[in-house]
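Good morning, and thank you for the opportunity to speak. I should like to introduce a structure that may be new to many of you.

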Amino acid sequence: MSCRFKLIFFSAQVFLVGFFVRPAAASTEISSAIFSDQTWDLAGSPYIIKGGNAGVGGGATLTIEPGVVVKLEENTQFGAGSGSIRALGMPGQPIIFTSIFDDAAGGDTNGDGNATLPTMGAWHRMVLGNDNNVLDHVEVKYGAYCMLGSFSKPTITHSLFEHCGTGFDLSHLSAGATMTDNTIRNNYYGVQALVPFPDGVIFSNNNITGNVVGFRNVLGSSGPPFDARGNWWGHASGPFNLASNPQGQGNEVTDYVLFDPWLDTEVVTEPPPPGKRPVLIVPGIAGTDLFYNGRLSWPDLRRMFDTNDVFLLDELALNTEGNDNSNTISLGDIIRDMNIDLLPDTDIFQDLIDSLETDGYVANQDYFVFPYDWRLNLDESANLLQKKIEQIKLLTGSSKIDIVAHSMGGLVVKDYLFGEGTQDISKLIFVGTPHLGAPKAGKALLIGYNFEIPILNNQVMKLLSRNYPSVYQILPSETYFNSFSGYIVPSSFSGLTPLDYDQTKNWLMDRGANGILLAQAENFFAKNLSHIDFGNIAVYNIAGCKIDTQAAYKYAFGNQSIGSIGYTTGDKTVPLASADAINIPASHKYYAKKASHSELPSTEGVRELIVGIINGNTELADNVSQSTQFCNINGKTLKWHSPVEVQVYSQEKHSGPMVWGLENGIDGVDYEIIDGEKFIFLPTDEGQEYQIVGKGEAQGTFDLLISDNDNGATSETHVFNDVVITPSSVIKFNVSDQSTDEFIDLDVSGSGDFQTVQSSADLNGNQSEDLLPPETQATASGIQGLNGWYRTDVQVSLSATDDNSGVLVTKYSLDGGQNYLVYSGPFFINQEGGTIVKYYSVDKAGNDEEVKILNLHIDKTTPEIQTQFDLIAKDFVFQAIDNLDIAPLLLCTSTNCTASDYAGNITILTFQKTKILATRNLKLASISYNGVITNFQSNLLVITLVEKSGVIVDFDQGFWLKSQQVVFINLNKPKNQSTIYTLKSNGTLSKVLASGIKFLQLSTEKGSIKSKY
């Protein structure tokens, strides 16, 4: 097998347009004033203004050629005092005045990579103090005051002032000053003025947009109003002024500024360059090649296939703050397609790019791509996007570009627009963008997500994702929750209620999510990019639909694992509700039927639409509509709780586990394995038919639920519960829109003999949502003793209830769970000692209750009492004996003994003791077991003991129980021998000799007396 990757090598031209920031090749430092005529050309560019004394004086003229970049260090200024500046750029070759930190213009002049970035006020100001200053096609950026007129009448046309504290200070201008056809944008103050205009100052036909305040009159009411009429303020309704134009949606204008009439369309400051307007393609998450120490890491499908994907943990992991401090990752191309033997080809951008090239677009001339590190904070990617756009404009000479943004790339573009304004983009096409986030991002954090790459391990991606800022930034935002229900549904006896935004954050945190990155994502959400103002950009949105898309994860009882997946219409990754949540006219919204997320840009019908939008021709293919009517999904879901391998086949295509991973080759099928459970969605709304084949993986049982799904709602479910299988078992059945799903075929032994198994329960839609198991209560009945023991047989009753679908069956086991019996009514436990009753119930939705245990202890037998003569005590002694209690309690008086066991069974023995000289007699009178009295027949135990000086001379024992028992034991002391006489059944005595002293012992036994020696 050989891996077929399309390797993209960068040409020298790509480097020139800045795919990687490079240091400037040469620069010229300016640290003193200029007092003779000079020309700054491209050969010396960029020119670095150092110190505070640089400027043009002494009547000298500084001529700056097109394309030259002038960079100013912190706290420096530049300009013309008694000299003059002639900076005449050209369309596509502007002259740029900017910060030393601005790597987008003139390269990385200070040689620190991205360590420093330009900000508003990075240098001081540019001052024009002479009447002969002419600026045309000039860009001035990042100053505290980008331009300040000082008793002069400059001519400034076709120029740009942006990212400044004040874009243009019009104070101290002289009559004849002319400022027309300029763009003043994205500054704090676009324009401000301190001294009234003299007559003859021309300030009109300019674009003033994206500033915090468009025009600030510093004087207030102390002077005549400033004349700023005939300008474009960013909206056809004109500038906002609370008193004069409160309905204006353009930049704010303070009081005492004349602005009416205003322009109702944007000023075209220069004709568009010849040729096509450039197009930039922005990929989504996981959409850029990442190289580790020069070797492809993402997506190295060959390494994933041949070994495993654990290498990604070593190469692509970020620290807990979401940063990569290794300096080992470099960017490659955007991922245009992915191909490897045995896996389906994935065409992400290649067919779209081919269509652009067929339409005459040329790489790095008319169309460009934006690779970026998709793991990182989107704010960082947005900053790089800003540089990329500037580079494209500089290279092509175009003032605007078109952007095609796929998936998360759309959020990167929105983030760029939030910070940079909307002047650089003509047409913006979102393709499958999760405007409000995607629930699958939450799934990535909880259990992992393999980005539809079947050989990629979910667990690996779970570990990586938890420190990827981008994953948190594409979580469903709070706006998502305000518009739609949440996507995490915990198991609760109070019902299935989705978690709200804050509860979801806590849920993720409790399960290992990164709190630092969650907080960072909240800062990102706070920008409210879902309601961003696109200004004059022509925005289009293409959303995929009519594919089952995961939208909710419902947890099983105990909330430790996912018990059910909720589906909605979408593109398999982004629900339509999120992909369509953009505030643009309905005429600019498009819906692509059965277009999967990863391949959406190159899907037939979509790629033609994208090219058509760019070129102003939007003919729609049959699979694309401007209505959502064809977006609804219908199908059937299969949920397996089982040791069963499940394969799905349809028209020679396959979905299911393979040796190398989970293949999903059937269009529209969603197949998930989570914690061994199988969740499968099968679309059936176009007559699809499927053959399901299951193979047993172990000895046991399986549960199967087959549900009808109507646009995300379950209408009916057929449940097969506890179907017995072996490792040889085979299960087969077919699924279609016509199948009843009430029967499956099962070959238990694998012999080819299939038997039909009928569903054990059929549920309606509400019952199908049942994820809570039933609750079973066990009741034991019998005479209770002490310490939790019963003194009789025990009757056990089981009672089960369920909150929704109803109880299907209750089962119990008396052998430790090896075998379970179906409960049909009360049963008895009569075995003495301890008995463990295991029991559980299953509801009709297939939810198994956790096995419960009832511990029973039964002791129905009372203690018995035994006695014998003790030679030391010279008296009769008694002992209690019990079948279960090894040390029953015994209390004796001179006439009775009471024995009790742990369970509370009580035995009372009454007797009479007498002593005559050397003879001692014991007569047992009666015995009581738990209050039931039995009187003994006439009996007598006689002991004769003769001692001299403490030494036994004679010891004889005899017991008579009517004619039933006669026992004599006589001791022959000299021989140390006992002679034992016992009554035989024929009435004669038997004689046995035994060495030593033998004791005659009496014991009770169920109301009778037994003797032994």
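I shall speak about charged pairs and then about a patch on the surface. Please bear in mind throughout that this is a predicted model.

Let me begin with the charged side chains. As a general point, side chains of opposite charge can pair when their charged atoms come close. How many salt bridges does a search of the whole structure find? The search returns 37. I shall present three of these pairs.

The first pair on my list is E73 and K50. Their closest N and O atoms are 2.6 Å apart, and the two residues form a salt bridge. E73 sits in the loop between β5 (69-72) and β6 (77-80), while K50 sits in the loop between β3 (47-49) and β4 (61-64), so this pair ties together parts that are 23 residues apart in sequence. Are these two residues buried or partly exposed? E73 has a relative accessible area of 24% and is partly exposed. K50 also counts as partly exposed, at 24% relative accessibility.

I turn next to E162 and K141. Their side chains meet in a salt bridge, with a distance of 3.7 Å from N to O. Here the partners lie in strands: E162 belongs to β14 (residues 160-162) and K141 to β11 (residues 138-141), so the bridge ties together parts that are 21 residues apart in sequence. E162 is buried because its relative accessible area is 2%, and buried means under 20%. K141 is buried too, with a relative accessible area of 3%.

The third pair is K527 and D379, a salt bridge whose closest N and O atoms are 2.6 Å apart. K527 is found in the loop between α12 (515-525) and β34 (538-545), whereas D379 is in helix α5 (residues 378-396), so the pair ties together parts that are 148 residues apart in sequence. D379 is partly exposed, its relative accessible area being 27%.

Which residues are joined into one network by salt bridges that share partners? They are E139, K141, E162, R185, E390, K393 and D424. The pair E162 and K141, described a moment ago, is thus among the members of this network.

Finally, I come to the surface patch. M120, Y188 and V212 form a nonpolar patch there, and together they have about 280 Å² of accessible area. M120 is placed in the loop between β8 (95-99) and β9 (123-128). With a relative accessible area of 41%, M120 is partly exposed.

Thank you for your attention.

Definitions and conventions. Residues numbered from 1 in each chain as written. Predicted model: local features only at pLDDT ≥ 70, side-chain atom pairs only at ≥ 80, totals over all residues. Heavy atoms only, no water. Patch = residues over 30% accessible without salt bridge, like charges linked within 9 Å, V, L, I, M, F, W, Y side chains within 5 Å. Areas by Shrake-Rupley, 256 points an atom, 1.4 Å probe, with all protein chains shown as cover. Salt bridge = Lys/Arg side-chain N within 4 Å of Asp/Glu carboxyl O. Helix = DSSP H or I, 4+ residues; strand = E, 2+ residues; numbered from the N terminus. Buried < 20%, exposed > 50% of the residue type's maximum accessible area, 1.4 Å probe, protein only.
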